[in-house]
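Hi,

Here is the structure I said I would pass on. Have a look at it first, and my notes follow underneath.

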Amino acid sequence: MGQCPGCKEWNSFVEETVEKTPHMGVLGSADRRRNRSTACSLLSEVQITAENRLKTGMGELDRVLGGGIVQGSLTLVGGDPGIGKSTLLLQVCQNLSANARKVLYISGEESQAQIKMRADRIGSFSGPMLLLCETNLDLILEVIREQKPEVVVIDSIQTMYNENVAAAPGSVSQVRESTGILMQMAKGMGVSVLIVGHVTKEGTVAGPRVLEHMVDTVLYFEGDRHASYRILRGVKNRFGSTNEIGVFEMQEQGLAEVLNASEYMLSGRPENASGSVVTCTMEGTRPLLVEIQALVCHSNFGIPRRQTTGTDLNRVNLLMAVLEKRAGLQMAACDAYVNVTGGMKVQEPAIDLGIVLAIVSGFRNKALSPKMLAFGEVGLSGEVRAVSMAAQRVAEAERLGFETVIVPWVCVQDCRRNSSMEIIGVKTVQDVIDRFF
């Protein structure tokens, strides 16, 4: 700077180097050298110990985490505004504190009175549950060292700031540095840390992408904020599988677990109605039965209208073109409306056969058996292709009382192995239409 903005004198500024004291983290340099071994070890000689996990009291959350919260782990929970991230973690704190676990809830967005109002709506709290409304990370670390909690909740990481970083809270530098300090604290003190992350308009956690690489577990809370259901999906998990989901329902008292998601999705299903077919999709390793409804009618416009809810519009247009070309169904002048009930968003190709059956049922105005289920991928030649985990889908359908399952021909032997249901194998969409219509 050439001129002083205060006294307007020129060349009065002198450049000096400011030496900042290095941040020692949770462990000092001597402690760090004492606790870190520099000797190499043979892989065959490394001993594996079972992780010490804390049960959260919510079976769906424990399922996604791989059995519970691992001691000394760092878990990131992301989701849209108002989806229920803070409510979920507050219910976890309620369950842990009721089991005499010392929990520290740190909020940088709400006051203690606001947190208390939400806690009263959820229910009564008992046990060692501590609240702290602070955004300065150095002060937060002092409180954690003093109180020594077992679980710490940070709501949210975008509000935390470190005085050694010359950037605004929520910036890339602050988020990365704050997460790094929390990770050192979690590993050094054996404290389990749950942090809330805001998301961008694309649906990813705001801040640097390295944030998801630093933490041990990344969970995304999904769902339409206007619908009652919520899905907790594991995107990354160093202590378990990433193929699990948890299903919750937002109620007045907070989030309630949906133990039987398929039955919940099929509740209120009409019987003997044309255009209604049940199919099965896989959410990770969990089969989920959903109902597909289709309404097909002649169009009064020059260009027919096609509309979908819960699935891909282009996929439905492609399947209708396959039906017209390979099965001879003249639907070019028809409006088509396809809906996946329950507010689910399904992109898996295995629901193709269910969509085809629903469209043909709506076009012919003929109802199918309510005890029938269909799944399979449909190709451009009209062939019905194999899908993954067909036996698990059939087992879920049998558990819910279905009697007939339409599957791809190549999956018949695998599906009949442990099932007493009627398994119908089909090779093309023409086989399905000839048999049922």
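Which element gives the most to the lining of the second largest pocket? Helix α4 does, with 4 residues. Before I go on, please keep in mind that this is a predicted model.

**Pockets**

That second largest pocket has a volume of about 170 Å³. Its lining is made up of L90, I115, K116, A119, D120, G123, S124, F125, M129 and L131. Two elements, α4 (112-122) and β5 (129-133), are the ones that give two or more residues to this lining. Sorted by class, the lining residues of the second largest pocket come out as 6 nonpolar, 2 polar and 2 charged.

The largest pocket comes to about 210 Å³. The residues around the largest pocket are E263, L266, R269, P270, E271, P370, K371, L400, G401 and F402. By class, the largest pocket is lined by 5 nonpolar, 1 polar and 4 charged residues.

One of those lining residues, G401, turns up again in the backbone angles. G401 follows α11, and its phi is positive, near 90°. As for α11 itself (residues 390-399), the buried residues there are A390, R393, V394, E396 and A397. They span an arc of only 160° around the axis, so they sit on the same side of α11.

**Cavities**

Next, the enclosed spaces. There is a general reason to look: rolling a probe the size of a water molecule over the atoms shows where empty space is left. The count here is 3 cavities of 30 Å³ or more.

The largest cavity holds about 60 Å³ of space. Lining the largest cavity are T56, L61, L65, I69, T75, V77, L88, L89, V92, L194 and L219. The elements with two or more residues in that lining are α2 (59-65), β3 (74-79) and α3 (85-98). Of these, α3 has the largest share of the lining of the largest cavity, 3 residues. What about classes? The lining of the largest cavity splits into 9 nonpolar, 2 polar and no charged residues.

For the second largest cavity, the space is about 40 Å³. Around the second largest cavity you will find L65, G68, I69, V70, S73, T75, L194, T217, N237 and F239. L65, I69, T75 and L194 are also among the residues that line the largest cavity. The second largest cavity has 5 nonpolar, 5 polar and no charged residues in its lining.

**Nonpolar cores**

The largest nonpolar core contains 47 residues, and L323, M344, L357, I359 and I406 have the most contacts inside it. Helix α10 (residues 352-364) gives the most to this core, with 7 residues. If you want to start from one residue, try L323: setting aside its neighbours within four places in sequence, L323 is in contact with G328, L329, M331, V356, I359, V360 and I433. Apart from this core lies another one, of 29 residues, including I69, V77, V196 and F248. I69 and V77 also appear in the lining of the largest cavity.

I433, one of the contacts of L323, belongs to helix α13. In α13 (residues 429-436), V429, V432, I433 and F436 are buried. Seen down the axis of α13, these buried residues fall within an arc of 95°, so they line one face of the helix. D434 and R435 are exposed on the other side of α13.

**Backbone details to look at**

There is a cis peptide bond between D155 and S156, with omega about 5°. S156 is in the loop between β6 (151-155) and α6 (172-189).

Two residues that are not glycines have a positive phi. K8 is one of them, at about 65°, and its place is in the segment before α1 (29-35). K148 is the other I noted, at about 55°, and it is found in the loop between α5 (137-147) and β6. Are these lysines buried or exposed? K8 counts as exposed because its relative accessibility is 52%, where exposed means over 50%. K148 also counts as exposed, at 59% relative accessibility.

Happy to talk any of this over.

Best wishes

Definitions and conventions
Residues numbered from 1 in each chain as written. Predicted model: local features only at pLDDT ≥ 70, side-chain atom pairs only at ≥ 80, totals over all residues. Heavy atoms only, no water. 1 Å grid on protein atoms, 1.4 Å probe; cavity = no way out; pocket = protein on both sides within 12 Å on 5 of 7 lines; lining within 4 Å. Points joined across faces, edges and corners; volume = space filled by probe spheres on them. Nonpolar A, V, L, I, M, F, W, Y, C, P; charged D, E, K, R; others polar. Buried < 20%, exposed > 50% of the residue type's maximum accessible area, 1.4 Å probe, protein only. Arc of directions from axis to C-beta. Core = buried A, V, L, I, M, F, W, Y, C linked by side-chain atoms within 4.5 Å. Contact = heavy atoms within 4.5 Å.
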